[in-house]
Amino acid sequence: FASIRPDAPRHMARRRGTCHSADWSPTTTYISLGLDGFDFNDLDHLLTRKRSNGFRVAMTVYDLIPFVAPQFSTQDLTRYFTALLRVSDTVLVISTQTHRDLATFAAEHSIAVPAVECIPLPSSLIAMSPVRPTTLPSDVDQIGFALFVSTITARKNHHLLLDVWTRLLTDDDHQVPFLVFAGSRGSLSDETMNRIQRDRRLAHRVIHLEGLADAEIAWLYRECAFTLYPSFYEGWGLPVTESLD
């Protein structure tokens, strides 16, 4: 997906002809559940077609990181969120916090908030047969591990946990559990990864696993001593739900 994203606008411009919405009517409801709305939708065009054809639009908002915590965002999405509010008949949010953040954003930009429906994120991991990750060292089983499931990025606050483990680790550290980070490398992750790999105090107690299957994630949740989630900001962190399962 990442490899085709840079070419997507060019292909879309080349193929722009009759939009699917040309055949939509007042009985049609268009629902966007994710990246199609964020990356590829022309919301201004969608609003024009909506006014012409009378169909209804429901857009999904997971969080408002660029507005609430812009220091952790690489984009200014003010225009996107204002367009989303104007085109939507209903906004689907994943938590009451996202609802509050959306209302605050709308008030600051003098935009009316459409109807809002909260749809919590589900998890199916509890129904899976757990499989031990093949990349997890065998010595983890001897003293156990704490688990943080998350993309490696500055907003998730991995450094807090690295600071804690650095203080715990001494010359007599055989009782300190392993710290497992399960997740892919995201934006603004270089400093975190460098610290994990190059700090000698952490190298033998902090484990980074990526590319895991859902069944392997389910195993980590089932076998860990406890989970951690020190993120600075979330609409709702799905690993919290998964931990409760």
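Me: Taking buried to mean under 20% relative accessible area, exposed to mean over 50%, and partly exposed to mean in between, what makes W24 count as partly exposed?

Reply: In this predicted model, W24 has a relative accessible area of 21%, and because partly exposed covers the range between 20% and 50%, W24 is partly exposed.

Me: Why is the pair of W24 and Y30 called stacked?

Reply: The ring centres of W24 and Y30 are 5.4 Å apart, with 25° between the planes; because rings pair when their centres lie within 6.5 Å, and planes under 30 degrees apart count as stacked, W24 and Y30 form a stacked pair. Y30 has a relative accessibility of 14% and therefore counts as buried, since the limit is under 20%.

Me: What makes F72 and F232 a stacked pair, and where in the chain do the two residues lie?

Reply: With 5.3 Å from centre to centre and 15° between the planes, F72 and F232 are stacked, because the limits are 6.5 Å and 30 degrees. F72 lies in the loop between α4 and α5, while F232 lies in the loop between β8 and α12, so that the pair links distant parts of the chain, 160 residues apart. F72 counts as buried because its relative accessibility is 18%.

Me: How do you know that D89 and K50 form a salt bridge?

Reply: The N to O distance between the side chains of D89 and K50 is 3.1 Å, and because a salt bridge needs a side-chain nitrogen of Lys or Arg within 4 Å of a carboxyl oxygen of Asp or Glu, the pair qualifies. This salt bridge links distant parts of the chain, with D89 in the loop between α5 and β3 and K50 in helix α3, 39 residues apart. D89 is partly exposed at 21% relative accessibility, whereas K50 is buried at 14%.

Me: Why is the contact of E234 with R155 called a salt bridge, and which parts does the pair tie together?

Reply: The closest N and O atoms of E234 and R155 are 3.0 Å apart, so the pair meets the limit of 4 Å. E234 lies in the loop between β8 and α12 and R155 in the loop between β5 and α8, so the salt bridge ties together parts that are 79 residues apart in sequence. E234 is buried at 17%, and R155 is buried at 12%; R155, K156 and E234 are linked in a network of salt bridges.

Me: What makes L33 exposed?

Reply: L33 has a relative accessible area of 55%, and because exposed means over 50%, L33 is exposed. Together with I31 and Y62, L33 makes a nonpolar surface patch of about 290 Å².

Terms used. Residues numbered from 1 in each chain as written. Predicted model: local features only at pLDDT ≥ 70, side-chain atom pairs only at ≥ 80, totals over all residues. Heavy atoms only, no water. Phe/Tyr/Trp six-rings, centres within 6.5 Å; stacked < 30°, edge-to-face > 60°. Buried < 20%, exposed > 50% of the residue type's maximum accessible area, 1.4 Å probe, protein only. Helix = DSSP H or I, 4+ residues; strand = E, 2+ residues; numbered from the N terminus. Patch = residues over 30% accessible without salt bridge, like charges linked within 9 Å, V, L, I, M, F, W, Y side chains within 5 Å. Areas by Shrake-Rupley, 256 points an atom, 1.4 Å probe, with all protein chains shown as cover.
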